[in-house]
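The exercises below are meant for a reader who is meeting this structure for the first time. Please look through the sequence and the model before working through the tasks in order.

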Amino acid sequence: MLPGVTAVAVIVTGLLICIVIYYYYRSKSSTRNVRFWLTAKDDQDIEAFLKNHEALARKRYKFSEVKKMTNSFKDKLGQGGFGTVYKGKLSSGCPVAVKILNASKKNGADFINEVATISGTSHINVVTLLGFCFEGNKKALIYEFMPNGSLDKFIYQKGHDETTPSLGWDNLYQIALGIARGLEYLHRGCNTRILHFDIKPHNILLDDNLCPKISDFGLAKLCPRKESIISMSDARGTIGYIAPEVWNRHFGGVSHKSDVYSYGMMLMEMIGWRKNINPEGSHSSEIYFPHWIYKRLETSLALGADDGVAATEEDEIVKKMTLVGLWCIQTIPNDRPAISKVIEMLEGNMNSLEVPPKPVESSPTRSVPECSITLSSITSN
């Protein structure tokens, strides 16, 4: 190659490299500006929302006040995907639970969801929002304090300790009924229907009388009461409780029946005293959790028909909750009862309940430990 041509090639190559570097850093700078603008716009949107819904919003606190009421976040109650919860106390002496949302752009939507949904509710089985804090990326929600914590610590075999009292079957039945009533209120009792999309034991709080209250509305969706099917851009919920149609529209449309599915799966966890997913289970014990429950039901019904012994009150409660739970988790939404029907089934006579079809495995295989207990023997726990 000629020396002149080589020089020109080197110069052109150098210029191209300079241009690439220039546009790279310009792009990076532009991206930072866009991100900052988006964050600022999100904050403005939240402020506009709070202003437009001033009548619904609860008391607004400064972050310094939140820090004071929690004694500098000294007493941690729990932690989840959306934030950390601390015990606090208002100036009046009233105990509260303070949820500090994680500092992420996504939590702006979660914050609005919580304020928009809970601020307009008033029901004994729905947690009460007392106030909130919004200072840029510092977002907090102040709730009434539930001294007995969440339902999960009572029903899962692992994690039990001497400080956690055991619940009797009548307690569990009343809790199940209370949760259903809370869901019915969200689905039918509000001016705008509220779909929760994250019903699970962790999001059910218990007061000092074990009265259940539905909490954590970060994934909730508002929809007109007249509309039965809603549109969703993405799946939402917790693995193990997500209705089939939420992650695969081939099963049907997303609706209030999606909450019914989550409720049914939670009901079966209450019956089985364990999570419906056990990641520690061996390969040989992999079985779909509802099938495991259904098998216990079949065994119990067969024993009841043959031995001629009258069922105890606890047996009746277990069988009723099992039947209702299995109806709630039917794969096709139209095959599930509405939550109002669920309440009717729970309050009615067990003999009037039909045995539901065996659940179709519509989600990844669940792992459950090998166990030889029957449904009727569960009542001895």
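**Exercise 1.** Leaving aside its neighbours within four places in sequence, which residues is Glu114 in contact with?

*Solution.* The model is a predicted one, and the search can begin by placing the residue, since Glu114 is found in helix H3, which covers residues 106-118. Once its neighbours within four places in sequence are left aside, Glu114 is in contact with Lys99, Ser119, Leu129, Leu141, Tyr143, Asp216, Phe217 and Gly218. One of these partners deserves a further step, because the side chains of Glu114 and Tyr143 are joined by a polar contact of 2.5 Å, and Glu114 counts as buried at 2% relative accessibility.

**Exercise 2.** Describe the overall make-up of the protein, beginning with its helices and strands.

*Solution.* Counting the elements first, one finds 10 helices and 10 strands in the protein. Turning to accessibility, 46% of the 381 residues count as buried. As a last step, consider the contacts between residues at least 6 apart in sequence, of which 72% join residues at least 24 apart.

**Exercise 3.** Which residues have the most contacts inside the largest nonpolar core?

*Solution.* The largest nonpolar core holds 79 residues, and within it the most contacts belong to Leu151, Tyr263, Met270, Met321 and Val342. Helix H5, residues 169-189, provides the largest share of this core, namely 11 residues. Another core, of 12 residues, lies apart from it and has Phe63, Val98, Cys133 and Ile142 among its members. To see one residue of the largest core in detail, take Val342, which touches Ala180, Val260, Tyr263, Val324, Cys328 and Pro337 when residues up to four places away in sequence are not counted. As background, nonpolar side chains tend to be buried together in soluble globular proteins.

**Exercise 4.** Is Leu186 buried or exposed?

*Solution.* Leu186 is found in helix H5, and the cut-off needed here is that a residue is buried when its relative accessible area is under 20%. Leu186 has a relative accessibility of 0% and therefore counts as buried. Its surroundings can then be listed: leaving aside neighbours within four places in sequence, Leu186 is in contact with Thr121, Val126, Thr192, Arg193, Ile194, Ile214 and Phe217. A separation in sequence can also be set beside one in space, for Leu186 and Asn125 are 61 residues apart in sequence and 9.9 Å apart from C-alpha to C-alpha.

**Exercise 5.** What is the volume of the largest pocket, and which residues are the closest to its centre?

*Solution.* The volume of the largest pocket is about 670 Å³. Its lining is made up of 29 residues, and the closest to the centre are Gly78, Val85, Ser150, His202 and Leu205. Sorted by class, the lining has 10 nonpolar, 12 polar and seven charged residues, and its largest share, three residues, comes from strand S2. Among these central residues, Ser150 is found in the loop between S6 and H4, and at 14% relative accessibility Ser150 counts as buried. The side chain of Ser150 makes a polar contact of 2.4 Å with the side chain of Asp152, while its contacts beyond four places in sequence are Pro201, His202, Ile204 and Leu205.

**Exercise 6.** How many cavities of 30 Å³ or more does a search of the whole structure find?

*Solution.* The search finds one such cavity, and the volume of the largest cavity is about 70 Å³. This cavity is lined by 13 residues, with Phe197, Tyr241, Ile242, Ala243 and Ser262 lying nearest its centre. Helix H7, residues 257-272, gives the largest share of that lining, three residues.

**Exercise 7.** Where is Ser72 found, and where is Leu210 found?

*Solution.* Ser72 is found in the loop between helix H2 and strand S2, and Leu210 in the loop between strand S8 and strand S9. Next come the backbone angles, where the general rule is that most residues other than glycine have a negative phi. Phi of Ser72 is near 60°, a positive value, and phi of Leu210 is near 65°, also positive. Finally, Ser72 is partly exposed with a relative accessible area of 45%, and Leu210 is partly exposed with 22%.

Key
Residues are numbered from 1 along each chain as its sequence is written. This is a predicted model: local features need pLDDT of at least 70, side-chain atom pairs count only at pLDDT 80 or more; totals for chains, interfaces and linings use all residues. Side-chain values use heavy atoms; hydrogens and water are left out. A nonpolar core is a set of buried Ala, Val, Leu, Ile, Met, Phe, Trp, Tyr and Cys residues joined through side-chain atoms within 4.5 Å. Buried means under 20% relative accessible area, exposed over 50%, partly exposed in between (1.4 Å probe, protein chains only). Helices (H or I, at least four residues) and strands (E, at least two) are DSSP runs, numbered from the N terminus. Contact means heavy atoms within 4.5 Å. On a 1 Å grid over the protein atoms alone, a cavity is a set of points where a 1.4 Å probe fits but cannot get out, and a pocket is an open set with protein on both sides within 12 Å along at least five of seven lines; lining residues have an atom within 4 Å of a point. Grid points are joined across faces, edges and corners, and a volume is the space filled by probe spheres set on the points. Ala, Val, Leu, Ile, Met, Phe, Trp, Tyr, Cys and Pro count as nonpolar, Asp, Glu, Lys and Arg as charged, and the others, Gly among them, as polar. A polar contact is a pair of N or O atoms within 3.5 Å; within protein, one must be able to donate a hydrogen and the other to accept it, and residues adjacent in sequence count only if both atoms are side-chain atoms.
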